[in-house]
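Open the model in your viewer and switch to a cartoon view. This tour goes stop by stop, saying what to select and what is there.

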Amino acid sequence: MKVLVIGGGAREHALCRSLSQDPAVTELHCAPGNAGIAQVATVHPVDQLDGAAVAALARLLAADLVVVGPEAPLVAGVADAVRAIGIPVFGPSGPAAQLEGSKAFAKDVMAGANVPTARSYVCTTEAEAAEALDAFGAPYVVKDDGLAAGKGVVVTSDRAEALAHAASCERVVIEEYLDGPEVSLFAITDGTTVLPLQPAQDFKRALDGDEGPNTGGMGAYSPLPWAPEGLVEEVLETVLQPTVDELRRRGTPFSGLLYAGLALTSRGTRVIEFNARFGDPETQVVLARLVTPLAAVLHASATGTLDQLEPLRWDEGAAVTVVIASEGYPADPRTGDPIEGLAEAESADGTAYVLHAGTRADEDGRVLSAGGRVLSVTATGTDLAEARERAYDALALIGLKGGQHRTDIALKAARA
């Protein structure tokens, strides 16, 4: 199988790493890729938002499968352009990807599918936003209706800050605050069959102790030893399958990766949000534990044959990933700094490795920082404590001027 992955972040590096280890994959390509992906796949320049350009590249490479990683190309309809030339593609259509592209659309789908979620108001004026904030009270949850790269949500007890965020967006969803721990649960679907993966938890705040500004994610771990028994089965029955069924009923079938962000509240499991693609950095730990070869699973989603797959096999151990971000992230990330120690951080036995997010290679072959989140240092172990120790030991070998990371990823769960 010849596979083309679209994207250039750590999520795509994790996908490429797994696909490169799959015996069924005879050629692996990625566009635009990054310095790390270039070590496991042939990279190509492409505008990932240009469906015609992506489809042309897929045709040129005679790809058997195209995997669209990020949300923006999916919402822009890139998967549709590839499907139109008859190449199987992993990722939803543009209309189905509105499940992530519009928070208001997602709320409407959840209402139609009777999926448990927070009560909410859709607001387009400052007066409407003020009324909604007062209706729910603090803490205030204000979400940009459109795509915001994981940073369009403000949760605050400061009404003025909440109102200011609402005013900066064209349309917002203001909703009641959901208490309880958060869980990310991915599911692969072909529009009918839904195959849940293993749950993970990520860390959104920039600083230890969940302090500081919201980010795209500073680390993640899997499994969740504290999660209630039967959680995956419950979410499949009450959230994932009903949502897929509702989208098919509406004439916008969803195939690809359906990501449910969940809150385990005192009143039961509630959906915080849906995403239409693999999450970053949770993908890094979920794929680290997946034993089943990945290509056939993604291809089955793209071709409507998921019901013919054998059950997925998982490593019984644990995985932890810690993000190294550049100085100034998330407000004003500094780029262009050389990264040292990458080879040293890779363990010989494969239990610790580095996934590139925002990197590029210069003309001398040096790897430089090229984004806010620069690297995801990922490790596996027999349990969370061992995986965590290996991840931080590897991270200590990497040098990036001004680089920052959290020191408490998976700490509480590992001690439990």
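Which strands does helix α13 lie across, and at what angle does it run to β18? Select residues 384-395 to find out. Helix α13 lies across β15, β18, β20 and β23. Its direction is about 30° to that of β18. Keep in mind that this is a predicted model.

**Stop 1: the five-stranded sheet**

Now show the strands under that helix. The open sheet has 5 strands, in the order β12-β15-β18-β23-β20. Pairing is antiparallel. Select 201-202 for β12 and 352-356 for β20. These are the edge strands, and each pairs on one side only.

Add α10, residues 282-289. This helix also packs on the sheet, where α10 touches β12, β15, β18 (318-325), β20 and β23. Its direction makes about 150° with that of β18.

Zoom in on the β12 edge. Strand β12 pairs with β15 (residues 219-222) in the antiparallel sense, over 2 bridges. Pick D202: its bridge partner in β15 is A220.

**Stop 2: a pocket**

Keep α10 on screen and turn on a surface. The second largest pocket has a volume of about 400 Å³. Its lining counts 22 residues. Select Q21, L287, A288, L290 and V291, which lie nearest the pocket centre.

Which element gives the most to this lining? It is α10, with 3 residues. At least two residues each come from α1, α10 and β23 (373-381). Colour the lining of this pocket by class: 9 residues are nonpolar, 8 polar and 5 charged.

**Stop 3: α1 against α11**

Stay with α1, residues 10-20, and add α11, residues 294-303. The two helices pack at an angle of about 115°, and their axes are 8 Å apart. Therefore α1 is roughly perpendicular to α11.

Show side chains at the contact. From α1, pick L15, S18 and L19; from α11, pick L294, A295 and L298. By class, this contact of α1 with α11 has 5 nonpolar residues, 1 polar and no charged ones.

**Stop 4: the four-stranded sheet**

Move to another sheet. Here 4 strands form an open sheet in the order β6-β9-β7-β8, with antiparallel pairing. Its edge strands are β6 (120-123) and β8 (153-156), each pairing on one side only. From one strand to the next, the twist averages 20°.

Select β6 together with β9, residues 172-175. They pair over 4 bridges in the antiparallel sense. Label C123, which stands opposite V172 in β9.

Next, bring in the helices. Helix α6 (residues 103-113) packs on this sheet and touches β6, β7 (140-144) and β9. The direction of α6 makes about 50° with that of β9. Helix α8, residues 159-168, lies across β7, β8 and β9. It runs at about 15° to β7.

**Stop 5: α6 against α9**

Keep α6 and add α9, residues 231-249. How do their axes cross, and within what distance do they come? The axes of α6 and α9 cross at roughly 100° and come within 9 Å. That is why α6 counts as roughly perpendicular to α9.

Show the contact residues. On α6 they are F105, V109, G112 and A113. On α9 they are P242, T243, E246 and L247. Sorted by class, the contact of α6 with α9 has 5 nonpolar, 2 polar and 1 charged residues.

Methods: Residues numbered from 1 in each chain as written. Predicted model: local features only at pLDDT ≥ 70, side-chain atom pairs only at ≥ 80, totals over all residues. Heavy atoms only, no water. Pairing = 2+ DSSP bridges. Axes fitted to C-alpha atoms, helices over the stretch in contact; angles between N-to-C directions. Contact = heavy atoms within 4.5 Å. Parallel < 35°, antiparallel > 145°, perpendicular 65-115°, else oblique. Nonpolar A, V, L, I, M, F, W, Y, C, P; charged D, E, K, R; others polar. 1 Å grid on protein atoms, 1.4 Å probe; cavity = no way out; pocket = protein on both sides within 12 Å on 5 of 7 lines; lining within 4 Å. Points joined across faces, edges and corners; volume = space filled by probe spheres on them.
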